[in-house]
Amino acid sequence: MILARKFYSSKMKGLLVLTALFVAVFGKKTFEGDQVLRITAKNEAQIFLLKELSEQEHLGLDFWREPVHESLPVDVYVPFHSLQAVRVFLRYNQIQYNVMIMDVQDLLDDEEREMVKYRTIPRSTDDFVYTAYHDLNSIYSFMDMLVAENSNLVSKIVIGQSYENRPLNVLKFSTGANRPGIWFDTGIHSREWVTQASGIWFAKKIVTDYGRDPVLTDILNNYDIFLEIVTNPDGFAYTHSRDRMWRKTRKPNSGSSCVGVDPNRNWDAGFGGGGSSSNPCTETYRGPSAHSEPEVKAIVDFVKSHGKLKAFLSIHSYSQMLLYPYGYTRTSAKDQVELHELARKAVSELQSLHNTAYTYGSVITTIYQADGITVDWTYEQGIKYSYTFELRDTGRYGFLLPADQIIPTAEETWLALMAIMEHTKNNPY
Amino acid sequence: MASTGDLEPTHYPARRAAQVALHYLNTHHGSPFRVFGLQQVHKASAEDVAAGGRKYKLDFSVTDWGSGSAGPALRCSADVLFPRTERHSAPKVELHCEALQQINSTAQEDDAFYQKYISPDSTVSARDIPDSFGNMSEEMQPFWRLARVAASFIMLRESSENTEFNMAKVASITQQESSEEQLMLEFVVLLHDFPSQEIVQWKLLASWSPDRGVRVLQTEWQPRCPHATKPPN
């Protein structure tokens with residue numbers, strides 16, 4: 001809760017809407033260029049002048065706060081056609097003022113946008129607000145709507161249940177049977193909100209571009225895409241209800257009052273090593289055993305039973321990096337050279353859009369030693385193109401990335417994902 | 001794992017040392033309208049030193065977050081020494097940034113901000129800057145920057161080769177009674193450490209004026225119990 005108030009109080013906004021409606025009734029269609037000025041009279045003489053001004057009906061002024069006494073501000077709505085005259089008058093008489101509302105139409109537009117955002121549950125994925133962060137229910141509804149709108153292309157698979165019995169939903173994009181697959185997951189660490197938000201955008205992007213973008217169409221005509229948007233739903237719900245900084249799962253740990261396991265230290269690749277913690281009260285707690293977390297086990301089971309995944313992209317934030325195995329050992333991955341070159345290409349694509357700088361390399365050299373991570377396991381399962389993304393930013397906002405960066409982040413990341421998918425398709429193995 | 005000699009600039013050992021230099025830069029030159037962020041490390045090397053410890057030599061660029069993406073990058077060089085002592089002690093930094101004096105002065109904004117809030121009636125109080133959605137009002141931005149600069153004192157002091165700190169959020173800001181013509185602000189900040197992924201909470205008391213800059217008078221580590229089953233009461 002912020003006690004230092006927003007510049008425009010809600011009372012003011014209410015007045016503004018009323019005024020807008022009032023004037024609209026009298027045939028005015030737009031408030032472009034109209035302003036609201038706050039005038040500070042410094043003596044009685046100036047108050048007198050302002051009273052005279054208010055009597056000039058042809059100016060069409062509307063005093064929200066009438067000139068009464070020099071100790072009180074005078075707020076006046078000035079239509080565009082009168083602005084010049086009013087400003088000259090104030091300057092000539094050396095009456096101080098400042099512009100409270102620079103452009104009334106802009107404010108009304110903003111307000112309209114805000115109202116649309118919070119109006120009701122979106123009725124379709126075209127109605128959905130991609131520029132805002134959503135809660136779990138909204139995201140699950142989005143998935144169902146997407147499937148309903150694109151039932152020839154998209155289906156929802158429930159690969160398991162979280163500890164608190166929430167469904168682990170995966171969207172499957174498929175144009176035919178028995179295809180090899182490409183996997184993306186977002187939100188495995190629940191506080192990394194730009195990732196789930198980007199996942200939603202990716203889902204919509206895929207259905208929009210299939211049949212329109214030749215590269216994506218070609219990919220989908222040969223591969224299935226699997227997208228798990230909320231990979232850690234219990235953690236995600238907790239970031240909304242209790243602790244915005246929650247990272248782990250929400251499974252209690254026996255013998256400890258501390259809850260949760262780091263789902264990105266729980267995989268059976270270098271499990272138990274120094275790049276993870278044995279203390280349940282830490283953020284990188286590995287868990288009692290590999291795959292002990294149902295959220296992780298569900299993916300493990302899915303990957304094994306699918307048997308034909310060819311790329312696996314696990315999406316995190318923050319620090320603007322594209323990483324490949326290994327995190328648990330300094331030994332280079334067998335495919336290091338190819339993975340490095342593909343990372344270079346993907347990052348170059350990403351950067352081309354908004355000039356966002358990314359670094360890339362193996363996990364252990366670039367970011368830190370991390371044991372039991374997702375992509376080390378998937379790589380050792382034979383999924384060659386296994387990458388971890390760290391999205392925006394580099395620490396200024398960190399996990400609390402402003403919502404107006406969701407779409408730019410998703411758009412640029414998509415270019416990198418496309419580069420990796422295209423390479424996968426062109427280099428079957 | 002020791003790495004001595006030339007370092008890969010995009011890898012973490014160089015980056016962590018550069019972040020320490022950034023914290024140092026902000027403690028000296030940060031203000032309500034100026035906070036520096038790391039743009040890129042150009043070159044880096046490290047060597048063990050006779051007294052015990054490792055010294056990093058860095059060549060890097062920084063940008064001013066206050067001026068957005070429009071701002072120019074400043075080129076800096078720094079020596080960062082991480083001492084090897086039984087108990088942790090703060091790294092030592094020597095820093096030189098070219099053209100530091102030439103970047104656009106924020107004196108006007110500093111003064112306006114100072115005049116506005118130094119009045120005895122001023123009692124700014126706020127929580128969650130930014131909020132869960134990354135929102136921050138324009139009025140709060142200079143306070144966020146002050147918190148970030150004050151937090152830099154702590155981050156600098158607490159840094160080692162095994163940490164990489166950022167400020168995750170300002171949990172609260174409470175203006176205290178001005179003293180000796182300094183704005184007095186009590187902050188509770190959440191710091192994020194990359195390697196451990198831990199969120200660490202600190203309460204601190206800082207002063208600021210356009211003349212004296214930011215000073216941190218008191219710091220207090222505060223326990224958080226996020227991992228526990230019940231939230232603390």
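When I speak of strands and helices today, I mean DSSP runs, numbered from the N terminus, with at least two residues for a strand and at least four for a helix. Please also keep in mind that this is a predicted model.

With that in hand, let me begin with the loop between strand 9 and strand 10 of chain A, which is where A:Gln320 sits. Phi of A:Gln320 is near 60 degrees, a positive value in a residue other than glycine, and, because its relative accessibility is 10%, under the 20% cut-off, A:Gln320 counts as buried. That loop also holds A:Tyr318, and the peptide bond joining A:Ser317 and A:Tyr318 is cis, with omega about 0 degrees.

Another cis peptide bond joins A:Pro325 and A:Tyr326, where omega is about 10 degrees, and A:Tyr326 belongs to the loop between strand 10 and helix 10 of chain A.

A positive phi, near 65 degrees, is found at A:His291, again in a residue other than glycine; A:His291 lies in the loop between helix 8 and helix 9 of chain A and counts as buried at 14% relative accessibility.

Let me finish with helix 6 of chain A, of whose 17 residues 15 are buried, so that this helix is largely enclosed by the rest of the structure. Its end C-alpha atoms are 24 Å apart, which agrees with the span of 24 Å expected at 1.5 Å a residue. A:Lys204 is found in this helix and, at 15% relative accessibility, counts as buried; its contacts, leaving aside residues up to four places away in sequence, include A:Asp126 and A:Glu149. Just after the helix, A:Gly211 takes a positive phi of about 90 degrees.

Terms used: Residues numbered from 1 in each chain as written. Chains lettered and ligands numbered in written order. Predicted model: local features only at pLDDT ≥ 70, side-chain atom pairs only at ≥ 80, totals over all residues. Heavy atoms only, no water. Buried < 20%, exposed > 50% of the residue type's maximum accessible area, 1.4 Å probe, protein only. Contact = heavy atoms within 4.5 Å. Expected span 1.5 Å × (residues − 1).
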